[in-house]
Amino acid sequence: MRHPPQHHTDRMSSGETPPADEPSTGTQIGVSAALLLVDLMLVAGSVYCVGTAGWAGSYESGGSAASGASRTAAQAMWLLGGGAVLTGGGLLALGWRIPGIVQLVVLGVGAVLVSAMGAG
């Protein structure tokens, strides 16, 4: 007797592999770790650029010190926020839940951090 095909929504036993259209949890964690490293370097570089712009602006005469740092912070915020939406949303749309959430959280927090640096 032939059994009906199982759908990916059916529960799997611990010994079964995930459906072919969904990446395994181990693969998702590996991709998340690699992307986390890239994300942290991008956030650190953005923080460094905003800090350097503020430091360099403090030596300029006039009130342009705050505007230079805030302009750099705004650019970095849009870069990080756009990266969070594009990469995180794209990964979630492809079914890569763990890396998508990591992208959204790390780059989103980085955008908020850089924005706060430019405002303060």
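Select Val-50 first: leaving out residues up to four places away in sequence, Val-50 touches Ala-69, Thr-72, Ala-73, Ala-76, Val-114, Met-117 and Gly-118. Contact here means heavy atoms within 4.5 Å. This is a predicted model, in which local features need pLDDT of at least 70 and side-chain atom pairs count only at pLDDT 80 or more, while totals for chains, interfaces and linings use all residues. Residues are numbered from 1 along each chain as its sequence is written, and side-chain values use heavy atoms, with hydrogens and water left out.

Stay on Val-50. Val-50 is found in helix 1; helices (H or I, at least four residues) and strands (E, at least two) are DSSP runs, numbered from the N terminus. Its relative accessible area is 2%, so Val-50 is buried. Buried means under 20% relative accessible area, exposed over 50%, and partly exposed in between, with a 1.4 Å probe and protein chains only. Now add Arg-71 to the selection: the C-alpha atoms of Val-50 and Arg-71 are separated by 8.7 Å, with their positions 21 residues apart along the chain.

Move one step to Gly-51, which is also a helix 1 residue. Is Gly-51 buried or partly exposed? With a relative accessible area of 34%, Gly-51 is partly exposed. From the C-alpha of Gly-51 to that of Thr-72 is 9.2 Å, and the two residues are 21 apart along the chain.

Next, go to Ser-32, again in helix 1. Ser-32 has a relative accessible area of 6% and is therefore buried. Show side chains here: a polar atom of the Ser-32 side chain lies 2.8 Å from the backbone oxygen of Gln-28. A polar contact is a pair of N or O atoms within 3.5 Å; within protein, one must be able to donate a hydrogen and the other to accept it, and residues adjacent in sequence count only if both atoms are side-chain atoms. Setting aside neighbours within four places in sequence, Ser-32 is in contact with Ile-98, Pro-99 and Val-102.

Cross over to Val-106, in helix 3. Val-106 counts as buried because its relative accessibility is 16%. Neighbours within four places in sequence aside, Val-106 is in contact with Leu-36, Asp-39, Leu-40 and Val-43. Take one of these, Leu-40: its C-alpha is 7.7 Å from that of Val-106, although the two are 66 residues apart in sequence.

Now select both helices whole. The axes of helix 1 (residues 25-57) and helix 3 (residues 97-119) come within 8 Å and cross at roughly 10°. Helix 1 is therefore roughly parallel to helix 3; angles under 35 degrees count as roughly parallel. Axes are lines fitted to C-alpha atoms, for helices over the stretch in contact, and angles run from 0 to 180 degrees between N-to-C directions. The residues of this contact comprise 17 nonpolar, eight polar and two charged. Ala, Val, Leu, Ile, Met, Phe, Trp, Tyr, Cys and Pro count as nonpolar, Asp, Glu, Lys and Arg as charged, and the others, Gly among them, as polar.

Colour the annotated spans next. The unreviewed UniProt entry gives "transmembrane region" for residues 33-56, 76-94 and 101-119; such annotations may be inferred rather than shown by experiment. Residues 33-56 are 100% helix and 0% strand, with end C-alpha atoms 34 Å apart. Residues 101-119 are likewise 100% helix and 0% strand, and their end C-alpha atoms lie 27 Å apart.

Finally, zoom out. The protein has three helices and zero strands, in the order α-α-α from the N terminus. Of its 120 residues, 22% are buried. Among contacts between residues at least 6 apart in sequence, 64% join residues at least 24 apart.

Conventions. Angles under 35 degrees count as roughly parallel, over 145 as roughly antiparallel, 65 to 115 as roughly perpendicular and the rest as oblique.
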